[in-house]
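Let's take a walk through this structure together, looking at its hollow spaces, its bound ligand and how far to trust what you see. Have the view open and turn it as you read.

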Amino acid sequence: MIGLIKNEWLKLLNNKKFYWFLLLLLIIYLFPVLMTLVVRMNTLNGQVYPLTVFGVITSFVMPLFLIVLIAEIVTEDYLSGNLSHTIIQPVTRWQIITAKVLFVFLLLITLMLFCLLLGYGIGCFIFGWGTDFMLRGASYTSLTGVKLTIISYLSASLPLLAFGLFVTFIAVIVQSGAAAVGISAGILFFSIMLELLTEIGPFLINNYFNTLPFILGAFVNPMTLISSIVFISCFGLLFYFLTLVIFIRKDMVL
Amino acid sequence: MGECLLEISQLGKTFGKHKVLHNVNLKVAKGEVFGFLGPNGAGKTTLIRVVLGLIRPDCGSILINGFNLQTNFRRAIEHVGAVVETPKFYPQLTAYQNLLLVKNLHRSLHKNRIGEVLELTGLIARAHDKVGTFSLGMKQRLGIARALLNYPKIIFLDEPMNGLDPQGIIEVRSLIHHLRQQGITLFITSHLLHEVEQVCDRIAIIKNGTIIAQGNLTDLLRSDCEVVEIYTKDILETYNALAGVAFVHKCTINQSSLLVELDKGSTEHLIPFLVRRNLHLQYVILRKYSLEDFFMQLASKEGNL
Ligand SMILES: Nc1ncnc2c1ncn2[C@@H]1O[C@H](COP(=O)(O)OP(=O)(O)OP(=O)(O)O)[C@@H](O)[C@H]1O
Ligand SMILES: [Mg+2]
């Protein structure tokens, strides 16, 4: 299993697209700086800076990245015939899928940490650390601010992983990488629209990507946080098991 | 037959309504080179995929090295190497990295082994080049290198000569000889009958998913007749002259020659017979009764049924 996860890293780190993605993240994190130049607002400082792009990163950038990544490591891996070669090694099929899932999880945590560093780095470099941590009109101590930021960033990998499991399920049933990307992205945008227009938000996984409101909400009512965790876990596990059932029975003809 | 390394019994597989494998029974002994022959679409690749656990059979059982593939997959597959169709690699990774991916999945393997197999297949100089830059022949050899990585007891090669130029074919063939000398059992599929004839001890022939012949190569090729090709300017006269001759079984006119099937050893009578009749002979060539002829014969028999 460790060997399988190592292999995924080896492939990722030799993939040029990954470095383009890191560059894209850098550009996104520079965006608020550009905004302040345009609208001349000066409420930003280094401590709040990471949270300014957090919503965009977790609700759009990361889910889309996951879709492209999983289409590549699952669907394209199969279509290129390479997955078959993994299967004829002494590893079982459930280990192969589980290793891919664990790899996605590790990668998500790494990327969220990378984003966190980018946020603090750029924020402090441009604006300095600043004196207070203002968030949604409320003021917190610097220490609470740092805690809130780190917890939000790291906890976002859980709902994203659950979404990744859903994408994995799509990726094992479709016949092309483009279809995996198209269908998953289509469903993502559809549920973003649903979330905006209807009341069924709590039943949509994308509702949970931006973890900040849930972390803040937990100060008021811890129960909502627990019910969120239950929903995310059930969603993820459902698609994990569906993926396993399909993948274990699948005939590898490529 | 000695110790049995691969045993397939009553294997069947259908894709939709299409029966691709039907009641396949095969035994491959330790150390032999087994040829699996059949025309395009006969089910050769499908059989290899089933044996490697890539495709689930509808029925039947597969034992590799004594382990049941369905119930003890990891033990069964542990010492198996395979190149299925044209070997696939990650083009953005180097040859070495592509092999590292396999090494990482075998706990007992050491990194040095990668260098060893690259050396053996003559790719050591290109070890750190991206596979995307490799020629087909090099990929085929890298495929064999990868199949050798885990000290396999049996290697499956699916059409190993496919698409190779004569030089590549010679290289792969000598590699096969080398492996056989190491005592590695080989299972080779092909429709290049003449290649199989050169390297295999035993063969099976599959057609439309059913095995139509199986056995020792020399036994299968043993025959009580021989075929000669006669080149002459007097094709028709020669043809007529041979019509009533007792030791001639069959005579067919080719474009510029005659193909004569006759009793074994009777060619020495045939030549004086024709010379006596003042027929002008240019060449008389003994055609080795090849697997190809055998295969055609079987195929046509099957077709007539
Ligand atoms: N995934 C699939 N779905 C449906 N039919 C398939 C599938 N794969 C193979 N077949 C059919 O199974 C039969 C056997 O195919 P297979 O690839 O095993 O033949 P083969 O003997 O390897 O041929 P070739 O010499 O061309 O490689 C063919 O008729 C093919 O159409
Ligand atoms: Mg084939």
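The second largest cavity in this predicted model holds about 130 Å³ of space. Which residues lie nearest its centre? Chain A offers A:Gly81 and A:His85, while chain B brings B:Val84, B:Lys88 and B:Arg146. Those five belong to a lining of 15 residues. If you'd rather follow the helices and strands, look for H5 of chain A, then for strand E6 (80–83) and helix H5 (136–148) of chain B: each of them supplies at least two lining residues. Sorted by class, the lining has 7 nonpolar residues, 5 polar ones and 3 charged ones.

Now step over to the largest cavity, with about 190 Å³ of space. Its lining counts 18 residues, and the closest to the centre are A:Asn7, A:Asn82, A:Thr86, B:Tyr90 and B:Leu101. Several helices come together around this cavity. On chain A, helix H1 (2–13), helix H5 (82–87) and helix H6 (93–127) each give at least two residues to the lining, and so does helix H3 (95–103) on chain B. Which one gives the most? That's H1(A), with 4 residues. The classes here come out as 7 nonpolar, 6 polar and 5 charged residues. If you want to keep exploring, a search of the whole structure turns up 7 cavities of 30 Å³ or more.

Next, find ligand 1. It has 14 residues around it, and the closest are all on chain B: B:Gly41, B:Gly43, B:Lys44, B:Thr45 and B:Thr46. Don't stop at chain B, though. The site is shared between chains, because the residues surrounding ligand 1 come from both A and B. Two elements of chain B, strand E2 (18–29) and helix H1 (44–51), each supply at least two residues of the shell. H1(B) has the largest share, at 3 residues. By class, you'll find 7 polar, 5 nonpolar and 2 charged residues in the shell.

Zoom in a bit further and you can pick out some polar atoms facing the ligand. An oxygen atom of ligand 1 sits 2.8 Å from a polar backbone atom of B:Gly41. With B:His18, the partner is an N or O atom in the side chain, 3.3 Å from a ligand oxygen. The side chain of B:Glu159 also has an N or O atom 3.3 Å from an oxygen of ligand 1. As for how much of the ligand is covered, the protein hides 65% of the 630 Å² of accessible area that ligand 1 has on its own.

So how far can you trust the picture? The model scores ipTM 0.90 and pTM 0.87. Chain A has a mean pLDDT of 91, with 99% of its residues at 70 or more. Within chain A, H1(A) has the highest confidence, at 96, and strand E1 (residues 133–135) the lowest, at a mean of 82. Chain B averages 87, and 92% of its residues score at least 70. Its confidence peaks in H3(B), at 96, and is lowest in helix H11 (residues 291–304), at a mean of 61. Where pLDDT is low, the predicted coordinates shouldn't be read in detail.

Notes: Residues are numbered from 1 along each chain as its sequence is written. Chains are lettered from A and ligands numbered from 1 in the order in which they are written. This is a predicted model: local features need pLDDT of at least 70, side-chain atom pairs count only at pLDDT 80 or more; totals for chains, interfaces and linings use all residues. Side-chain values use heavy atoms; hydrogens and water are left out. On a 1 Å grid over the protein atoms alone, a cavity is a set of points where a 1.4 Å probe fits but cannot get out, and a pocket is an open set with protein on both sides within 12 Å along at least five of seven lines; lining residues have an atom within 4 Å of a point. Grid points are joined across faces, edges and corners, and a volume is the space filled by probe spheres set on the points. Ala, Val, Leu, Ile, Met, Phe, Trp, Tyr, Cys and Pro count as nonpolar, Asp, Glu, Lys and Arg as charged, and the others, Gly among them, as polar. A residue is near a molecule or strand if one of its heavy atoms lies within 4 Å of it. A polar contact is a pair of N or O atoms within 3.5 Å; within protein, one must be able to donate a hydrogen and the other to accept it, and residues adjacent in sequence count only if both atoms are side-chain atoms. Accessible areas come from the Shrake-Rupley method with a 1.4 Å probe; for residues, only the protein chains shown count as cover. pLDDT is the predictor's confidence in each residue, from 0 to 100.
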